[in-house]
Amino acid sequence: MPACINAIGVAVPDHDVHAAFIDWAERRVAPESRRLFQRMANRAGIGHRWSVLPPAPDDGAPTAPGGFYAVDPLPGTGARMAVYAEAAPALALAAVERLAAQVSLAGITHLVVASCTGFVAPGLDQIVARRLGLAGSVERLLIGFMGCYAGVVALRTARHLVRSEPAARVLVIACELSTLHLQDTPDPESLLAQLQFGDGAAAALVTADETGFALDAPFAATLPDSDALIRWTITDRGFVMALSGEVPRRIGTALADPAFTATVTAGHGAAAIDGWAVHAGGRSILDAVGQALALPADALDASRAVLRDHGNMSSATLLFTLARMLAGPPVSQGVALAFGPGLAAEGLGFRSVRC
């Protein structure tokens, strides 16, 4: 029984904060480290990142006078979650609206929501279901705090549902508000990690209708002795991301192992894959994947375009990449791959089916 992504809708807020963040961060780095920070920021491959936080007066950044972060100390976790409770449903619904413009959402039977950048109860799944007017009988699942590969987990869950219930119509949503977790620190590594992340939401319809991308077998792998390399810690001042500079090297080493590559490609080998949807976790991560698998120079173009235009939107990022690929040439054998806390890799195979 096939399970197919029939369509994907994506949405981002309208406030671009990337350049303003770099200006703000440079002032926090020690003078002797400032040139290195500037060089790394310029090489990040990111042109824009979008935030649900409104501009400060006079169209300034959230860190400018009158902005959300223009306080000392920075807002507490409660204030940040209050923004999440209002902004996350709105952004998720904007993505659903883009999805509904492409395909009918009548008869939704299941709702799967991924989000790791906020908590609210009733949950984001319940809020979205109510505002969409979904029937109370719709089964809901909220995937929380799994990080960047949660989008894969959501799609994998939808695949299992459709394969077990052929009439299922699964609405998948990934919504992340990473810019709610700014940390004021002089540490260049922390600031460079924060420089990666933006806000975004994606919504997909997964059914047995053979249109779009068929989802093939999923896979999961955890890299040994790597659990400290990516951490996401709840503090009194938001969620603190720790992203080690070792991550790209460890990913590259893992992918250079033929056994690991066989797992990722379902035994086909990297050369047989003509569609790579790799989570745009950062330029160095995409470089590590491309080099380890000896991919053609343009193999990761969709992922790099998402990184350039939006940054890393955690769980939503992979769906943004798949959305770009749905609009492109057909894929005969694809791999969707994401990395996250653990350090773990999660993914699925996919391929184009008739339109």
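**Fold, cysteine site and loops of a predicted model**

Colleague: What radius of gyration does the protein have, and what would a compact globule have with 355 residues?
Modeller: The radius is taken over C-alpha atoms, and the globule rule is 2.2 Å times the number of residues to the power 0.38. For 355 residues a compact globule would come out near 20 Å, and the protein agrees with that because its own value is 20 Å.

Colleague: Thanks! Before we go on, which pLDDT do local features need, and which do side-chain atom pairs need?
Modeller: Residues are numbered from 1 along each chain as its sequence is written, and side-chain values use heavy atoms, leaving out hydrogens and water. This is a predicted model, where totals for chains, interfaces and linings use all residues, while local features need pLDDT of at least 70 and side-chain atom pairs count only at pLDDT 80 or more.

Colleague: How many helices and strands are there?
Modeller: Both are DSSP runs numbered from the N terminus, with helices being H or I of at least four residues and strands E of at least two. Counted that way, the protein has 11 helices and 13 strands.

Colleague: What part of the contacts with a separation of 6 or more comes from residues 24 or more positions apart?
Modeller: A contact here means heavy atoms within 4.5 Å. Of the contacts with a separation of 6 or more, the share from residues 24 or more positions apart is 78%.

Colleague: And what percentage of the residues is buried?
Modeller: Buried means under 20% relative accessible area, exposed over 50%, and partly exposed in between, with a 1.4 Å probe and protein chains only. Among the 355 residues, the buried ones make up 57%.

Colleague: Let's turn to the annotated site. Where does UniProt place the "active site"?
Modeller: UniProt positions follow the numbering used here, feature names are shortened, and annotations may be inferred rather than shown by experiment. The entry is unreviewed, and it places the feature at Cys148.

Colleague: Is Cys148 buried or exposed?
Modeller: Cys148 sits in the loop between β5 (139-144) and α5 (150-164). Its relative accessibility is 11%, so Cys148 counts as buried.

Colleague: Which residues is Cys148 in contact with, leaving aside neighbours within four places in sequence?
Modeller: The list runs over several stretches of the chain, so you may like to select it in your viewer. Cys148 is in contact with Phe197, His279, Asn312, Ser314, Ser315, Ala338, Phe339 and Pro341.

Colleague: Which residue in the loop between β5 and α5 has a positive phi although it is not a glycine?
Modeller: The phi in question is about 65 degrees. At 30% relative accessibility the residue counts as partly exposed, and it is Phe145.

Colleague: Which residues does Phe119 touch, not counting those up to four places away in sequence?
Modeller: Phe119 lies in the loop between β4 (110-115) and α4 (124-132). Its relative accessibility of 44% makes Phe119 partly exposed. Phe119 touches Met81, Tyr84, Phe145, Ile234 and Phe239.

Colleague: Does His181 count as buried or exposed, and which residues is it in contact with?
Modeller: His181 is found in the loop between β6 (170-177) and α6 (188-194). At 4% relative accessibility, His181 counts as buried. Leaving aside neighbours within four places in sequence, His181 is in contact with Tyr69, Arg80, Met81, Thr117, Gln194, Trp232, Gly238 and Phe239.

Colleague: What is the omega of the peptide bond from Ala121 to Pro122, and of the one from Gly342 to Leu343?
Modeller: Pro122 lies in the loop between β4 and α4, and Leu343 in the loop between β12 (334-340) and β13 (344-353). The bond from Ala121 to Pro122 is cis, with omega near 0 degrees. The bond from Gly342 to Leu343 is cis, with omega near -10 degrees.

Colleague: Is Asp225 buried or exposed?
Modeller: Asp225 lies in the loop between β8 (212-222) and β9 (230-235). Asp225 has a positive phi of about 55 degrees although it is not a glycine. With a relative accessible area of 74%, Asp225 is exposed.

Colleague: One last thing: which residues of α11 are buried?
Modeller: Helix α11 covers residues 317-326 and is mostly covered, with 8 of its 10 residues buried. They are Thr317, Leu318, Leu319, Phe320, Thr321, Leu322, Ala323 and Met325.
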